[in-house]
Amino acid sequence: MSTHPPGATIGIIGGGQLAQMMVMEAKRMGYRACVLAPRADEPAAQIADRWICGALDDAEAVERLAKSVDVITVDSEHVPASLLADAELVCPVRPSPHVLRTIQDRGVQRRFLEAIEAPQPHCVTVDSLDGLREQVQVVGLPCVLKSRQAGYDGKGQAVIRTDDEVEPAWRAVGCSPSMLEELVPFDAEISVLLARAPGGEMKFYPVAHNVHRHHVLHATMAPAPLPESVEDEAICIASSIATALEHVGMMAVEMFLVGSELLVNEIAPRPHNSGHYTFGACVTSQFEQHVRAVLGLPLGDTSLSSPAVMLNLFGDLWRDGDPDWTPILTQREARLHLYGKTEPRPGRKMGHVLLLDEDLHRALRNGEALLDTLTPSEHLVA
Ligand SMILES: Nc1ncnc2c1ncn2[C@@H]1O[C@H](COP(=O)(O)OP(=O)(O)OP(=O)(O)O)[C@@H](O)[C@H]1O
Ligand SMILES: [Mg+2]
């Protein structure tokens with residue numbers, strides 16, 4: 001099994017914040033990083049040792065990356081698996097093309113979960129508007145339609161509550177092959193964050209409790225206040241998923257908790273937004289852990305140094321100009337992360353704030369109040 005010593009180069013396909021934080025951790029440990037991304041000003045491209053210009057489906061750029069690095073990883077599951085299969089002929093690719101092929105199509109992902117008997121919401125595939133009308137009768141209202149490919153942050157999703165909403169929902173997913181799922185009346189959303197090494201060793205982080213707004217992650221609190229039996233069950237489900245996929249790297253398994261029942265929502269084969277709390281609140285961040293796993297290094301300690309709340313910072317905060325971050329910077333328990341994105345569009349994840357506090361509800365209230373107090377920065381650069 002290959003272990004890469006410091007000085008080796010990790011290649012990352014994708015230049016977003018997940019890749020950026022992987023690069024930070026890789027460089028801290030003495031590695032080099034080469035990022036393939038369409039633009040030089042993307043968060044990870046800004047700080048990598050090398051940048052290869054290309055879209056995530058640019059075969060020639062992926063080939064160039066493969067020839068110039070020691071191992072390849074991704075910051076998104078939407079890289080075409082066929083390109084990764086070609087790259088794998090040149091250097092190790094972690095997670096493997098097989099993992100991405102299973103996860104990047106929601107229909108294939110759901111069939112895989114069914115095959116390993118992981119609990120999940122009632123769901124069916126839909127290929128046409130007529131098919132959707134029929135299946136809405138089977139699944140029942142309310143339900144949610146999700147495009148099978150390329151969804152993130154709730155994009156390509158539409159909730160259907162009445163028959164009148166069927167056709168608009170079909171248009172909202174671009175009239176493309178989709179999954180129709182029952183709308184689960186969950187009590188809570190959680191995610192199991194784990195890392196799996198090439199030899200099969202796994203480490204688990206404290207289970208995260210996630211609060212979404214409009215289908216997008218707003219806040220994560222860790223550790224989630226779960227009965228031990230539920231936590232054990234969640235970890236057992238996630239570990240059977242990672243093992244069945246022979247995954248290598250970080251993985252997040254998002255789940256709905258309904259009473260004491262768990263249902264798998266989706267799998268992310270990479271560091272995940274709900275694991276950002278680990279960067280500052282755990283001995284080993286999820287980004288360092290991913291780098292360790294894909295380089296074949298021993299996995300790090302996942303213990304929590306302090307309970308933590310993470311709040312996402314969306315582009316909406318830039319509505320009236322660059323915010324003045326003083327209220328966050330002057331709180332001892334708060335840690336500000338900004339990804340260096342140049343275009344603060346509404347709904348775009350621009351950064352996050354981490355708050356360390358024994359009392360998670362107080363931390364959430366404090367964090368939300370802090371965000372409410374942010375006003376435009378008045379500073380002028382001469
Ligand atoms: N079947 C469902 N029942 C109830 N709520 C749902 C269902 N599916 C999705 N949601 C809500 O929408 C959120 C986003 O859904 P999902 O995780 O499938 O989308 P996504 O676009 O892949 O999101 P991301 O990549 O940001 O995790 C969920 O976390 C949940 O709050
Ligand atoms: Mg999700």
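Colleague: In this predicted model, is E288 buried or exposed, and what relative accessibility does E288 have?

Modeller: E288 counts as buried, because its relative accessibility is 7% and the cut-off for a buried residue is under 20%.

Colleague: Which side chain does E288 meet in a salt bridge?

Modeller: The general idea is that side chains of opposite charge can pair when their charged atoms come close. In this structure the side chain of E288 meets that of R28 in a salt bridge, at 2.5 Å from N to O. E288 lies in helix α11 (residues 286–295) and R28 in helix α1 (residues 17–28), so the pair ties together parts that are 260 residues apart in sequence. R28, in contrast to its buried partner, is exposed, with a relative accessible area of 52%.

Colleague: Which residues are linked with E288 and R28 in a network of salt bridges?

Modeller: E25 and R292 are linked with them, and the network thus consists of E25, R28, E288 and R292. For the model as a whole, the count comes to 19 salt bridges.

Colleague: How should I read the salt bridge between E266 and R106?

Modeller: Here the closest N and O atoms are 3.2 Å apart. Since E266 belongs to strand β14 and R106 to helix α6 (residues 106–115), the pair ties together parts that are 160 residues apart in sequence. R106 counts as buried at 12% relative accessibility, whereas E266, at 22%, counts as partly exposed.

Colleague: Which residues coordinate the magnesium ion, ligand 2?

Modeller: The magnesium ion is coordinated by E254, listed twice through OE, and by OE of E266, at 2.0 to 2.5 Å. E254 lies in strand β13 (residues 249–258) and E266 in strand β14 (residues 261–268), so this pair ties together parts that are 12 residues apart in sequence. E254 counts as buried at 10% relative accessibility. E266 is thus named both in the coordination of the ion and in the salt bridge with R106.

Colleague: What does the salt bridge between R133 and E167 tie together?

Modeller: R133 lies in helix α7 (residues 129–139) and E167 in helix α8 (residues 166–172), so the pair ties together parts that are 34 residues apart in sequence. Their closest N and O atoms are 3.6 Å apart. R133 is partly exposed, with a relative accessible area of 37%, and E167 is partly exposed as well, at 36%.

Colleague: Where does the domain assignment place the domains?

Modeller: It gives domain 1 as 9–93, domain 2 as 122–182 and domain 3 as 188–373. The C-alpha centres of domain 1 and domain 2 lie 33 Å apart.

Technical notes
Residues numbered from 1 in each chain as written. Chains lettered and ligands numbered in written order. Predicted model: local features only at pLDDT ≥ 70, side-chain atom pairs only at ≥ 80, totals over all residues. Heavy atoms only, no water. Domains from an automatic or database assignment. Donors = N, O, S within 2.8 Å, 3.2 Å for Na, K, Ca; no water. Helix = DSSP H or I, 4+ residues; strand = E, 2+ residues; numbered from the N terminus. Buried < 20%, exposed > 50% of the residue type's maximum accessible area, 1.4 Å probe, protein only. Salt bridge = Lys/Arg side-chain N within 4 Å of Asp/Glu carboxyl O.
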